[in-house]
Amino acid sequence: MEYTNFYNQKYIDICKRPQKYPVFKIEILDYSEFTIMDITQDISLDSEGSISVKYQQGVRRTCEFSVINIDQKYLPNENSMFWYHRKFRLYTGLKDQATGDIYWFSQGVFFVQNISCEKKITHITGIDKFAAFTSDLGASILDVDYKISVIPEDRYSEQLSDEELKKLQQQTPKIADVIRNILTIDKGNGYAIDPVIPIIDSRLEDEPIPYDLTVGAGGFLGDMMIELAMMLGADIYYDTDGHLNLTKGTTDYLYVGQGVQWFFSPDKSDYISYTASYDISKAINKIMVFGEGYEGVYNYATVTNDNPKSPVRVSLVGIRQGESIETAMAYSPQKCEDYAKYYLKMKSIIQLSADIECTFLPHLDVNRVIDIYDEFYSKSVEKHIIQSITFPFNKSSMKISATNVAVLPYYSSGVT
């Protein structure tokens with residue numbers, strides 16, 4: 001039997017076996033992302049291929065692979081399965097050689113980004129769906145200005161009282177609705193950019209647009225979408241099933257309580273190596289966020305990393321302050337503090353990392369927790385948050401970049 005995105009004890013047992021059998025699947029999708037064709041039989045495992053996932057805003061997933069093109073069906077042209085804005089879905093999995101069962105895990109929906117051909121082989125690079133809003137696909141979505149106004153244009157000339165202005169601001173579009181509306185923009189051929197319903201954190205539904213936003217003709221809506229997410233201290237990205245996600249950013253105490261995706265230790269066959277890699281020169285331990293709130297009142301918050309386990313805590317290395325950030329989401333000191341905590345956490349994850357090589361584990365994903373026990377580095381089990389993953393097509397091992405949760409900042413704040 002074949003199982004998709006299914007995690008049970010039998011799958012865990014397969015993962016723990018010394019000998020693993022990685023498998024891959026590619027499905028060609030239609031506009032609505034229903035499967036048209038499975039072309040797995042044409043994947044060339046003799047060529048380099050991989051899926052790369054990074055914890056970041058916007059585009060997270062890229063891939064490259066080759067398909068056998070003996071009968072010329074993969075030559076690039078308008079009728080090809082791989083062409084402009086054609087979509088495909090990638091799966092990684094493990095096969096149980098004893099029973100023939102396969103456990104598949106979706107790795108995302110991709111657009112074709114580049115195509116090249118050798119004789120009998122076609123090479124494909126793909127990028128996840130957020131690229132439709134950025135320069136990554138080499139074309140601008142917008143041929144006219146795209147503007148969202150806090151105050152209706154027909155009232156710009158009025159002398160509004162503070163009470164009237166505040167009422168208008170309360171009636172402005174919500175950020176969640178703006179994100180939904182962007183997905184439905186006609187891309188010029190009668191079809192919306194993305195027909196798939198997004199997944200938006202319920203905690204973010206009522207946040208209003210704080211100021212007028214405009215993306216000029218020839219610009220990219222992705223910049224606006226990322227700006228809106230950062231205002232909220234939120235992550236925006238496409239998940240493994242091809243849904244746009246807008247989710248509240250996870251803070252250090254939630255990582256500590258998050259379920260663990262896997263446990264590594266030197267006495268287990270899945271653990272190959274662990275290399276600590278800290279770019280201390282770029283790490284920061286203090287940040288200030290400020291901005292103008294309602295009725296012209298300025299708010300700010302200063303957040304510092306005072307985690308006693310952090311190698312860059314203020315008490316150990318002194319203040320390493322990042323450049324102050326101004327945000328239009330400064331409705332209150334609390335909003336400033338939330339933004340500062342999110343930013344400082346992101347900078348900690350990026351700069352303080354460890355490189356792990358392990359056997360093939362296709363269920364792992366970024367921004368998820370793994371446990372590692374390696375007595376050489378620590379006498380206790382250490383939680384790590386996954387920052388990036390590379391799934392190679394022609395190897396039985398994979399690489400992970402992760403951050404020890406212990407070095408994430410525990411915050412102290414100063415607000416006004």
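**Exercise 1. Find how strand β1 is joined to strand β7, and name the bridge partner of Glu2.**

Solution. Start in this predicted model with β1, residues 2-4, and look for β7, residues 102-118. The two strands run parallel and are joined by three bridges. Now step to Glu2: its bridge partner in β7 is Ile102.

**Exercise 2. Work out in which sense β6 and β7 run, and which residue of their hairpin takes a positive phi.**

Solution. First locate β6, which covers residues 87-95. Eight bridges connect β6 with β7, and the strands run antiparallel. As a check on the register, find Leu94 and look across to β7: Tyr103 stands opposite. Next, follow the chain through the hairpin, where six residues lie between the strands. Gly100 is the residue to pick out here, with a positive phi near 85°.

**Exercise 3. Do likewise for β7 and β8: how many bridges join them, and what stands opposite Ser116?**

Solution. Take β8 as residues 121-128. Eight bridges link β7 to β8, in the antiparallel sense. From Ser116, look across to β8 and you will meet His123. The hairpin between these strands has two residues, and Lys120 takes a positive phi near 75° in this hairpin.

**Exercise 4. Give the strand order of the open sheet that contains β13, and say which strands are at its edges.**

Solution. Three strands make up this open sheet, ordered β10-β13-β12, with mixed pairing. The edges are β10 (199-200) and β12 (234-238), each of which pairs on one side only. Now look at one pairing in detail: β10 and β13 (residues 244-248) pair in the parallel sense over two bridges. Within this pairing, Ile200 faces Leu246 of β13.

**Exercise 5. Which strands does helix α3 touch, and across which strands does helix α4 lie?**

Solution. Begin with α3, residues 175-183, which packs on the sheet and touches β10, β12 and β13. The direction of α3 makes about 165° with that of β13. Turn next to α4, residues 221-231: this helix lies across β12 and β13, and α4 runs at about 145° to β12.

**Exercise 6. Decide where the coordinates call for caution, starting from the average pLDDT.**

Solution. Over the whole protein, pLDDT averages 85, and 90% of the residues score at least 70. Then move to residues 153-157, where pLDDT stays under 50. The model has eight contacts beyond four places in sequence for this stretch. Where pLDDT is low, predicted coordinates should not be read in detail.

Methods: Residues numbered from 1 in each chain as written. Predicted model: local features only at pLDDT ≥ 70, side-chain atom pairs only at ≥ 80, totals over all residues. Heavy atoms only, no water. Pairing = 2+ DSSP bridges. Helix = DSSP H or I, 4+ residues; strand = E, 2+ residues; numbered from the N terminus. Contact = heavy atoms within 4.5 Å. Axes fitted to C-alpha atoms, helices over the stretch in contact; angles between N-to-C directions. pLDDT = per-residue confidence, 0-100.
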